Structures are given as structure tokens and as C-alpha cells.
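Visitor: I have a model open at the bench and would like a friendly tour of it. Could you take my questions one at a time?

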Amino acid sequence: MTVSRRKSIAIIGGGCIFAAASGAGYAVTRKPGKAYEPWDKAGRYDDPRMRALSYALLAPNPHNRQPWVVDLSTADTVTLYVDTDRLLPHTDPFNRQITIGLGCFLEVMRLAALEEGLAVAIDLFPEGSDVQALDGRPVARCSFSPTSAQPDPLFQQVPFRRTLKEPYDMTRLVPRSALERVAAAAIHGSRIGITDDKDEVAAFCDLSAEAFLIEFRTERTYKESVDLFRIGHKEVDANPDGIDLSGPLFETLRLTGLFTRENAMDRDGMSYKSGEAMVLANVTTAVAHLWQVTADNSRQSQIRAGQDWVRINLAATAEGIGLQPLSQGLQEYPEMAEIYDALHETLAPEGGTVQMWCRLGYGPDVPASPRWPLEAKILNA
């Protein structure tokens, strides 16, 4: 039987609530509670596999879909599956990005286990896989065993890792040495490229803006995101996945009826135009770009790309560098084909598949909360 992680492993209680006097003030200022519990509960379980998984839940994944299901019925083993109800058929038609997210999950689990003196041997797709779509077969069978290997210092950044989706400060350059340290965090076979050349960065900003506009202006791909909007703390708590739109501004817009899924789809409306302007303000600011390339586009390579991607994200966190993936230009639907080809010609002229591409820079002095609403499912716990 599949059950909610919040029930099966007791991710219950606590949560950050900031109460105002009453009424609308309370609703506007309240933050999600249940949805943020995993950030407070990580590591507080008797079973070392559960402790490792409680950190793995904090891994980045497309649209925060959290597409993982695990089976713990075999001792010292975690078998990972994908929840096929949490895919993104329009923006990720071959489930490549979802697979990368599963790789992120596996790497954070591995880092967490290593912190406790446990090695994790990962057997990828032990029953085979389909390059066209993920299915019900296991993604990975992971065996835990004692090890004398030293913990990885990147693990310390897991609770603080985030995606910084804000305009970056163009007056603050990222030191080249810091960019090189971030790139060097990839150890699972990805080829990493970086540039801080002003003209190249400007050209990449133009490409990323164009890619975002294509996704926004293609109805089915934009609607896929809108359907996953979680507007206000009540929706975030009720469905702790998808795109978190909570906080004072969105609570106010929700209460006044100025922001709904319906008006977000209206291309002539304020919500749509404001959202488009906000995204463009973000992606057109960057002081560097980084990308990762794999030799092929197999499921195994996609998983390893995810393992390297989360390491890059953790290394950027350690350096205090803001980072945002620019996934739109690498999506494999027809309307994006021209940009997809241009990116591959530019970023992978020697061949291979560009799996991830991101902008880097410094954001405001006071960072946004690193928390994401989270949930997962466990079989036979």
C-alpha cells in the first residue's frame, strides 16, 4: 500500500506560523506549516535509511513534483521508483528532467548515509528502462553497508541549498576561482562548462529569455505550470508540491481575488503580464552561466547528471553564490526545437547532451527562505 510520507514516517508537528491579530491579517502573514515540516524533521529517525531519505527529500526536482516512491521492505536496501502521476508530459515529454531530479535525490541520500559511515551502492534501472518514458520498473536499487570513507563536506549545505529566482546584482562579479570550485564539484562524469565573459553572458541571457517566452506563450506548456500553482498557505499545506506562491503578497492577491489560476491564463490580464515581466527580470540578470554535458542521453546518464547537478548546487551554496536552472531552452517539445539546437551547437559542439544550464550571481543581502514544501511516498515501510 502506498501512503503519505507525512503519516508513515511521522513528518508531523511544528512548522513556522506567524500570527497577526485576527482575520485577514492572520491569513496574509501566515506561512505554510505542515508543508515545511520535513525541513525541521530531517534526520530524526531510528532507521539509518530513513534518516538518509529524510535529507534526500530536500533535493531539487522539476516544478517541485517530488516524483519519488521508495520500498524499504528489504533490509539495508532502498528501492527507488518514480511516481508516474507526477510527471510533466508537456514540458518534459521524455521525462528527462524528472530523471535528473531522481538523480539529485539519490546523491543527497548517498551524502547523508556517508555522513553516518554508510556507503550506498546504487544499481541503476536493474530491470531495464525506456528512453521514451519512465514506467513502473525500479529506478535504482540502493544497498547500504558500513564504510571507512570520509564524509563529503557538501552534505553540510543540504539544509541551506536553494534556487535563487530573483534579479541578480550585476555590479558584483563572481570570482573566477569560485566558479571553478563550483564546477569541480561534479564527480559523476559530467563535462562542465562555465563562462563569465560579458558578451557571452549577455547572449545567453537573451536565449534564456526567449526560451521562457516560448514556454509562457505556448498554452499547453504554460498551463502545465499554472495547474501546479499553490496559491497561499492553505493550498501549499494541502498539496505540498508544485510551485509555491505563498507569502504576504500572494495571500493578499488571493484574498482579494486578483490572482487565480483562471486570470493567470488570461494573456491580456495583469497576472499574466506581471508574471512574464517578473520572469524576464530574473533571467536577464546573470554574471556567469554554467552548463553540464553528458556523453549520451541514456537514463543512466540522466541520473548521473542529476547527481552532479545537486553537487554543483550545493557547492554554489557553500560559496554564497545564487543559482537558477534555465531548463526551458533544453526542453524537447517542437516549439522549443530551434533554441534547443542552438544551445547544443554552442554548449556541446563536440557532441553529447546538454542536461542542465543555469545562471549564477549574487542576490540581495537577505536571502529568501531555502525551504520548499515537501512530501513523498513510501511502500512497505
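Visitor: Which residues does T353 touch, not counting residues up to four places away in sequence?

Guide: Happy to help, and please keep in mind that this is a predicted model. T353 is found in strand β11, which covers residues 353-361. Leaving out residues up to four places away in sequence, T353 touches Q292, V293, T294, D296, N297, Y340 and H344.

Visitor: Is T353 buried or exposed?

Guide: The cut-off for buried is under 20% relative accessible area. T353 has a relative accessible area of 9%, so T353 is buried.

Visitor: Where does M265 lie, and which residues is M265 in contact with, leaving aside its neighbours within four places in sequence?

Guide: M265 lies in the loop between α11 (261-264) and α12 (270-283). Its C-alpha atom and that of R217 are separated by 10.0 Å, with the two positions 48 residues apart along the chain. Leaving aside neighbours within four places in sequence, M265 is in contact with E219, Y222, K223 and V226.

Visitor: Why does M265 count as partly exposed?

Guide: Partly exposed is the class between under 20% (buried) and over 50% (exposed). M265 falls in that class because its relative accessible area is 23%.

Visitor: Let's turn to charges. How many salt bridges does a search of the whole structure find?

Guide: Side chains of opposite charge can pair when their charged atoms come close. One such pair is D83 with R86, where the closest N and O atoms are 3.5 Å apart, and both D83 and R86 are buried. For the whole structure, the search finds 16 salt bridges.

Visitor: Which helix holds both R176 and E180?

Guide: R176 forms a salt bridge with E180, the closest N and O atoms being 3.6 Å apart. R176 counts as partly exposed because its relative accessibility is 36%, and E180 is also partly exposed, at 44%. The two residues are four residues apart, about one turn of the helix, and both lie in α6.

Visitor: How many residues apart are E319 and R181, the pair that links distant parts of the chain?

Guide: The side chains of E319 and R181 meet in a salt bridge, at 2.6 Å from N to O. E319 is in helix α13 (residues 299-319) and R181 is in helix α6, so the pair links distant parts of the chain, the two being apart by 138 residues.

Visitor: What are the relative accessibility values of E319 and R181?

Guide: Both residues count as partly exposed. That follows because E319 is at 27% and R181 is at 46%.

Visitor: Which residues are joined into one network by salt bridges that share partners?

Guide: Here the salt bridges are linked to one another through partners that they share. The residues joined into one network this way are E107, R110, D152 and R311.

Visitor: Which element gives the largest share of the negative patch?

Guide: D206, E210, E338, D341 and E345 gather on the surface in a patch of negative charge. Two elements give two or more residues to the patch, α7 (198-217) and α14 (337-347). The largest share, three residues, comes from α14.

Visitor: Is E338 buried or exposed?

Guide: E338 is one of the residues in that negative patch, and its place is in helix α14. The cut-off for exposed is over 50% relative accessible area. E338 has a relative accessibility of 67%, so E338 counts as exposed.

How values were computed: Residues numbered from 1 in each chain as written. Predicted model: local features only at pLDDT ≥ 70, side-chain atom pairs only at ≥ 80, totals over all residues. Heavy atoms only, no water. Patch = residues over 30% accessible without salt bridge, like charges linked within 9 Å, V, L, I, M, F, W, Y side chains within 5 Å. Areas by Shrake-Rupley, 256 points an atom, 1.4 Å probe, with all protein chains shown as cover. Salt bridge = Lys/Arg side-chain N within 4 Å of Asp/Glu carboxyl O. Lys, Arg positive; Asp, Glu negative; His and termini not counted. Charge placed at Lys NZ, Arg CZ, Asp CG, Glu CD. Buried < 20%, exposed > 50% of the residue type's maximum accessible area, 1.4 Å probe, protein only. Contact = heavy atoms within 4.5 Å.
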